[in-house]
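Thanks for coming. I will go through a few parts of one structure, so please have the sequence and the 3D view open.

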Amino acid sequence: MKYETLASEIMEGVGGKSNISSVMHCATRLRFKLKDDARANATVLKNNPGVIMVVESGGQFQVVVGNHVSDVYQALLTVSGIEQDGDNAMTDEGKKGNLFERFIDIISGIFTPFIGVMAASGILKGFLALSLAIGFMQESGGTYKLLFAASDALFYFFPVILGYTSGKKFGGNPFTSMVIGATLVHPSMIAAFNTMQSADHQMLYFLGIPITFLNYSSSVIPIIFASWVASKLEKPLNAVLHANIRNFFTPLLCVVITVPLTFLLIGPSATWLSQTLAAGYQWLYSLNSLLAGAVMGAMWQVCVIFGLHWGFVPLMLNNLSVMGHDTLLPLLTPAVLGQAGATLGILLRTRDMKQKGIAGSAFSAAIFGITEPAVYGVTLPLRRPFIFGCIGGAIGAAIMGYFHTTIYSFGLPSIFTFTQIIPAAGIDSSFWAGVIGTLVAFFFAGIASWAVGIPSASVQSVPPAPLSASGDSGSTADIPDAAGVQDETLQSPLTGTAIPLESIDDRTFASGLMGSGIAIQPTEGRLYSPVAGTVASLFKTHHAIGLASAGGAEVLIHVGIDTVKLDGRHFTPHVNVGDQVSPGDLLLEFDQQAIAAEGYDTTTPIVITNSDDYASVLPMATGPVQAKTPLMALLN
């Protein structure tokens, strides 16, 4: 339930269900194909606290929500009634944009559904390579064989998996294209290919036409083209066949026509294209691998920002399929870890608790290969850290390019990439170049961002006000008043029991992420103003209110834990945004018993969201407290 409100707001922001042609998700973003982009309101979505960023690129309207994107996606399907089985179909009304935008849309639609398990398989391959290199496992051992089969299964049966996602993307029956993919890697076809390699093999024919057998395991391009052909056959066949027979005759004819066509024409042609692309990439890379690394390391995150990075995925997979290794994917690791380093620099430097909280969670995601929260939430808004991350990525990738660092399994560029660049012959100079290049990118971006990534005015340290033995503040004449705030005493807005903020059952408030303060367990449902000032915000669900005091304090009062889910029930506001209030004025009433009856805790955090502007935020009461009596002291 907690994601349904956000899903509803996103659906409204993109113009409603009627404006959605299709929707899917990748690691951090919802990718919409809209019928009319003008009906979407990107500004409203960007201002939504649950949305990190909105990007319009590649023919898609992309809403970045973070690592919980799959939960938001499922909630979106629930509230919108969109059928998941059809959400990737490239319908006629969804075909818009130039050829490049449509290419990016097709590629992302085919590969995003299984990108997570594909990365997991690659990581497992890397750890197995590391286990062999350090002698922890033996290739002949049962443990290794079992885990290797698990790591290799996805890649070996790639045509089957891609058959399903390609069929969905092209609007055909995905199970028909799965059968076509399975035919490509059927044991009898692999055996025929092996037989063809012998000098005395006998040519096989299909209706008198010689068959060229190829090893299609791990291949990418042939099944995508075959799935497209099958989907194009499906629509006219359904149109001419009677409803009583089309359910089994359409798949029958699609398979009978497409499978021979794939082995006779599509497969050999697509294989030639695959080999040409791999050879072309290798030729370009060999011209100047150092420059190739610098360019990819610098520009990769720019491609990620616009969602254009999917265009490189088929090339990397094709290199692995044709050559058994890839030199492009390793160049991206310094770019990713460069942004992680820049985020860590901001985390260590900033005094803004909200920014520190965002940077902390974004850093942990970035080191595992998911950089959107770091880029959109931390480095890009500050500009300089993003640039430092790109520069670090360019330097690190140039080092890797010069030493020809190579990867042997697919995965997200992350700290796990170190295990995937171990050659079968054992650790060599290219491996150490990969490690050193990545560390250079990480530390360069981190140190530069820590040193000059934030304007100096934002990180000046304000010394705490000295306290006398009685707890009264000492002289503050020599303490700079950088924020222009004044000493102030806040009254208790509630009658109840005051408890430490860190003891409440809400991780966001308890961690201090929102600011310092105190919490009250109320005994009556009347909330009063603790300060003289202005009502700065009133949540539409009426469960929380923000005040700007005359002394410069920004006060947030959040009645209850997770009470946003009540959608305004049991709350009665008595003020509006912009109203002037005095200490003790009634702000709102709430039915404490009704809220508790619905299973919600009414413990109320009172936090100073600009706590960093004060030297001290001191609780003045613990235990039983009466409304309109002193509660907190703010000392500048």
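Val 256 sits in helix α11, which covers residues 243–287. Keep in mind that this is a predicted model. Is Val 256 buried or exposed? Neither label fits, because its relative accessible area is 48%, and the partly exposed class lies between under 20% for buried and over 50% for exposed.

Val 256 also belongs to a nonpolar patch on the surface. The other members are Ile 245, Phe 248, Phe 249, Leu 252 and Ile 257. Together, the patch has about 500 Å² of accessible area. One general point helps when reading those numbers. An α-helix has 3.6 residues a turn, so residues three or four places apart point the same way.

Now to another helix, α14, residues 333–349. How far does α14 reach from its first C-alpha to its last? The span is 24 Å for 17 residues, close to the 24 Å expected at 1.5 Å a residue. Helix α14 is mostly covered, with 14 of its 17 residues buried.

Last, a sheet. Three strands form an open sheet in the order β7-β20-β18, and the pairing is antiparallel. Why do β7 and β18 each have one side without a neighbour in the sheet? Strands β7 (488–491) and β18 (616–619) stand at the edges and each has a single partner strand, so one side of each stays free of a neighbour there. From one strand to the next, the twist averages 20 degrees.

Looking at one pair, β7 and β20 (residues 630–635) are joined in the antiparallel sense over four bridges. Across that pairing, Glu 488 stands opposite Leu 634 in β20.

Terms used: Residues numbered from 1 in each chain as written. Predicted model: local features only at pLDDT ≥ 70, side-chain atom pairs only at ≥ 80, totals over all residues. Heavy atoms only, no water. Patch = residues over 30% accessible without salt bridge, like charges linked within 9 Å, V, L, I, M, F, W, Y side chains within 5 Å. Areas by Shrake-Rupley, 256 points an atom, 1.4 Å probe, with all protein chains shown as cover. Salt bridge = Lys/Arg side-chain N within 4 Å of Asp/Glu carboxyl O. Helix = DSSP H or I, 4+ residues; strand = E, 2+ residues; numbered from the N terminus. Buried < 20%, exposed > 50% of the residue type's maximum accessible area, 1.4 Å probe, protein only. Expected span 1.5 Å × (residues − 1). Pairing = 2+ DSSP bridges. Axes fitted to C-alpha atoms, helices over the stretch in contact; angles between N-to-C directions.
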